[in-house]
Amino acid sequence: MGKSLNEVDPVVGMVGTDAIKRHVNHRLARDEHVAVCYVDILHIQPFRHVYGAERYTEVLKLTAEILEGTRTGLTFFDSFLGHMGGTDFVAVLTMDQYEPYCRTVLSSFEQRIPTYYRAVERKQGYVIYRDGKGRESKAPLMHLS
């Protein structure tokens, strides 16, 4: 049996891709002008290599919390949030909402994510990890795109 359109991801507490598509199509069918903001966490895989799956999951939860908290804080209750899987999230907003929303989300993530790293990594601005071939590599600290 297939997943329900309204099924919520248990980790981040958001609906998935099918619900996102349905929501966007519904708003477009009503001739609404919407901004679909795609949010991705960059440089999270090197972080996962160093800190493990549990801390990776914490970052996913943090991102969902920031997305939802920003929506609530800005009182954009007519907006829509979804999780496409992995590190990919979507916010569907009105055209006048997307700039303040995105600006606030980016700022909140930038302020909170350094606490997930050790002091030395915060100071140097990168994490050292072993790549897929076992070589030592450097990666910038995580940020959103």
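**Backbone outliers, helix H3 and buried polar residues**

Thr 75, which follows directly after helix H3, takes a positive phi of about 55°. The model analysed here is predicted. Most residues other than glycine have a negative phi. Two further residues that are not glycine depart from this pattern: Asp 31 has a positive phi of about 60°, and His 43 one of about 65°. Asp 31 is situated in the loop that links helix H1 (17-29) with strand S1 (34-42), where the residue is exposed, at a relative accessible area of 66%. His 43 occupies the loop between S1 and helix H2 (44-51) and is partly exposed, with a relative accessible area of 30%.

Helix H3 comprises 21 residues, 53-73. From the first C-alpha of H3 to the last the distance is 30 Å, close to the 30 Å expected at 1.5 Å a residue. The buried residues of H3 are Tyr 56, Val 59, Leu 60, Leu 62, Thr 63, Ala 64, Ile 66, Leu 67, Thr 70 and Arg 71. An α-helix has 3.6 residues a turn, so residues three or four places apart point the same way. The elements covering the buried residues of H3 include the strands S1, S2 and S3, the helices H2 and H4 (98-112), and strand S6 (143-144).

Contacts of individual residues were then examined. Phe 80 lies in strand S2, which spans residues 80-85. Phe 80 counts as buried because its relative accessible area is 15%, under the 20% limit. Beyond its sequence neighbours up to four places away, Phe 80 touches Val 15, Ala 19, Ile 20, His 23, Arg 71, Val 90, Ala 91 and Val 92. One of these partners, Arg 71, is also among the buried residues of H3. By contrast, Glu 136 lies 40 Å from Phe 80 in space, C-alpha to C-alpha, at a separation of 56 residues in sequence.

The loop between S2 and S3 contains Thr 87, which is buried at 11% relative accessibility. With residues up to four places away in sequence excluded, Thr 87 is in contact with Val 39, Asp 40, Ile 41, Ile 44, Tyr 56 and Leu 60. The side chains of Thr 87 and Asp 40 form a polar contact of 2.6 Å. Val 59 of H3 is 28 residues from Thr 87 in sequence, with a C-alpha to C-alpha distance of 9.2 Å.

Asp 88 belongs to strand S3, residues 88-94. Although buried, Asp 88 has no salt bridge, and the nearest side chain of opposite charge, that of Arg 48, is 12 Å away. The side chain of Asp 88 instead makes a polar contact of 2.7 Å with that of Tyr 38. Contacts of Asp 88 beyond four places in sequence are with Tyr 38, Val 39, Asp 40 and His 83.

Strands S4 and S5 form a hairpin with five residues between them. S4 (residues 126-130) and S5 (residues 136-140) run antiparallel and are joined by five bridges; in one of the pairings, Ile 128 has Lys 138 of S5 as its bridge partner. In a regular strand the side chains alternate between the two faces of the sheet. In S4, Val 127 and Tyr 129 make up the covered face, whereas Tyr 126, Ile 128 and Arg 130 make up the uncovered one. Within the hairpin, Gly 134 takes a positive phi near 85°.

Terms used. Residues numbered from 1 in each chain as written. Predicted model: local features only at pLDDT ≥ 70, side-chain atom pairs only at ≥ 80, totals over all residues. Heavy atoms only, no water. Helix = DSSP H or I, 4+ residues; strand = E, 2+ residues; numbered from the N terminus. Buried < 20%, exposed > 50% of the residue type's maximum accessible area, 1.4 Å probe, protein only. Lys, Arg positive; Asp, Glu negative; His and termini not counted. Salt bridge = Lys/Arg side-chain N within 4 Å of Asp/Glu carboxyl O. Polar contact = N/O pair within 3.5 Å; in protein donor to acceptor, adjacent residues only side chain to side chain. Contact = heavy atoms within 4.5 Å. Pairing = 2+ DSSP bridges. Expected span 1.5 Å × (residues − 1).
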